[in-house]
Amino acid sequence: MKLKMTKKKLLAAIVSTALLCGVGVGGTVAWLHDSAQVTNKFDLASTGGSIDEDFDNYKKEDVKVANTGEVDAYVRVALSISFENTDGTIANVTPVADENYTVVWGDTDNWKQGSDGFWYYLSPLPAKEGDQVSSTENLIDSISPKGEAADDLKFRVDVSAQLIQAEPEDAVIEAWDVAVDQNGNLVVN
């Protein structure tokens, strides 16, 4: 019986020693622990653009896009040619080229219409440098109504431009579903 008591005491001593060692190691690890944090603030470059055109009540001329942003950018333009009712809503009548309006296209070597209806400027447009803003070639040299429209309709041309950063190329490839050739020019479907 005395021997069993000794084994119990020995086992209790071993367990107590193991617990003390565990607490000692855990305490040491806790005391040697350190943490650090770094916050980096990045200034992001921005894209920006404007549509430049000359317009009077009967003719829109020299339609192009300027890059006013801080990075080189690709450009695409959506054109909406319609008739407007006297209340400002779009009429259900679609204007027909050469019948209802005349259009003289600009530089068709640098602009290409995609199967999605957008007009793409094929090369990246350089970023603004100081006060110098780079612009595309004219998409439209001139567009104007032809003949007489109904008294309650006005000819309307809406131009909407989108710009996206040129680098990395994946940005334009993923966003616009286009390809970029080895020279950095867009390949449009």
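Which residue in S6 stands opposite alanine 73? I looked this up at the start, and the residue is leucine 125. The model I am reading is a predicted one.

**Entry 1. Overall layout**

I began with the chain as a whole. I find 2 helices and 11 strands in the protein chain. Read from the N terminus, the order of elements is α-β-β-β-β-β-β-β-β-β-α-β-β. I then checked burial: of the 189 residues, 26% count as buried. For contacts between residues at least 6 apart in sequence, I noted that 69% join residues at least 24 apart.

**Entry 2. Strand S6 and its partners**

I went back to S6, which covers residues 119-125. The strand is mostly covered, with 5 of its 7 residues buried. I looked up what it pairs with. S3 and S6 run antiparallel and are joined by 4 bridges. Alanine 73 and leucine 125 face each other across these two strands.

On S5, residues 111-113, I found 3 bridges to S6, again in the antiparallel sense. Which residue of S6 is the bridge partner of lysine 112? I read off tyrosine 120. S5 and S6 form a hairpin with 5 residues between the strands. In that hairpin, glycine 117 has a positive phi near 95°.

**Entry 3. Arginine 76**

Next I took a residue of S3, the strand that spans residues 73-85. Arginine 76 lies in it. Is arginine 76 buried or exposed? I have it as buried, because its relative accessible area is 10%, and the cut-off for buried is under 20%.

I then looked for what the side chain of arginine 76 meets. One polar contact, of 3.1 Å, runs to the side chain of tyrosine 120. Another, of 2.6 Å, runs to the side chain of glutamine 162. Tyrosine 120 is the S6 residue that I had already listed as the bridge partner of lysine 112.

I also listed the contacts of arginine 76, leaving aside neighbours within four places in sequence. They are Asp116, Phe118, Trp119, Tyr120, Ser160, Ala161, Gln162 and Trp176.

**Entry 4. The largest pocket**

How much space lies in the largest pocket? I noted about 490 Å³. The lining has 19 residues, and those closest to the pocket centre are Asn57, Tyr58, Pro145, Lys154 and Phe155.

I checked which strands contribute. S3, S8 (140-145) and S9 (153-165) each supply at least two lining residues. S9 gives the largest share, with 5 residues. By class, I have 9 nonpolar, 3 polar and 7 charged residues in the lining.

**Entry 5. Lysine 128**

I moved on to the loop between S6 and S7 (134-135), where lysine 128 is found. I entered lysine 128 as partly exposed because its relative accessible area is 38%, a value that falls between the limits of 20% and 50%.

How far apart in space are lysine 128 and threonine 68? From C-alpha to C-alpha I have 5.4 Å, while in sequence they are 60 residues apart. Not counting residues up to four places away in sequence, lysine 128 touches Asn67, Thr68, Gly69 and Val133.

**Entry 6. Backbone details in the loops**

I looked at the peptide bond from glutamate 167 to proline 168 and found it cis, with omega near -5°. Proline 168 is in the loop between S9 and H2 (169-176).

Two aspartates went into the notebook for their phi values. Aspartate 98 has phi near 70°, which is positive in a residue other than glycine. Aspartate 98 sits in the loop between S3 and S4 (101-105). I class aspartate 98 as exposed because its relative accessible area is 56%, and exposed starts over 50%.

Aspartate 177 is not a glycine either, and I have its phi as positive, about 55°. The loop that holds aspartate 177 runs between H2 and S10 (179-180). With a relative accessible area of 59%, aspartate 177 is also entered as exposed.

Conventions: Residues are numbered from 1 along each chain as its sequence is written. This is a predicted model: local features need pLDDT of at least 70, side-chain atom pairs count only at pLDDT 80 or more; totals for chains, interfaces and linings use all residues. Side-chain values use heavy atoms; hydrogens and water are left out. Buried means under 20% relative accessible area, exposed over 50%, partly exposed in between (1.4 Å probe, protein chains only). A polar contact is a pair of N or O atoms within 3.5 Å; within protein, one must be able to donate a hydrogen and the other to accept it, and residues adjacent in sequence count only if both atoms are side-chain atoms. Contact means heavy atoms within 4.5 Å. On a 1 Å grid over the protein atoms alone, a cavity is a set of points where a 1.4 Å probe fits but cannot get out, and a pocket is an open set with protein on both sides within 12 Å along at least five of seven lines; lining residues have an atom within 4 Å of a point. Grid points are joined across faces, edges and corners, and a volume is the space filled by probe spheres set on the points. Ala, Val, Leu, Ile, Met, Phe, Trp, Tyr, Cys and Pro count as nonpolar, Asp, Glu, Lys and Arg as charged, and the others, Gly among them, as polar. Two strands pair if DSSP finds at least two bridges between them.
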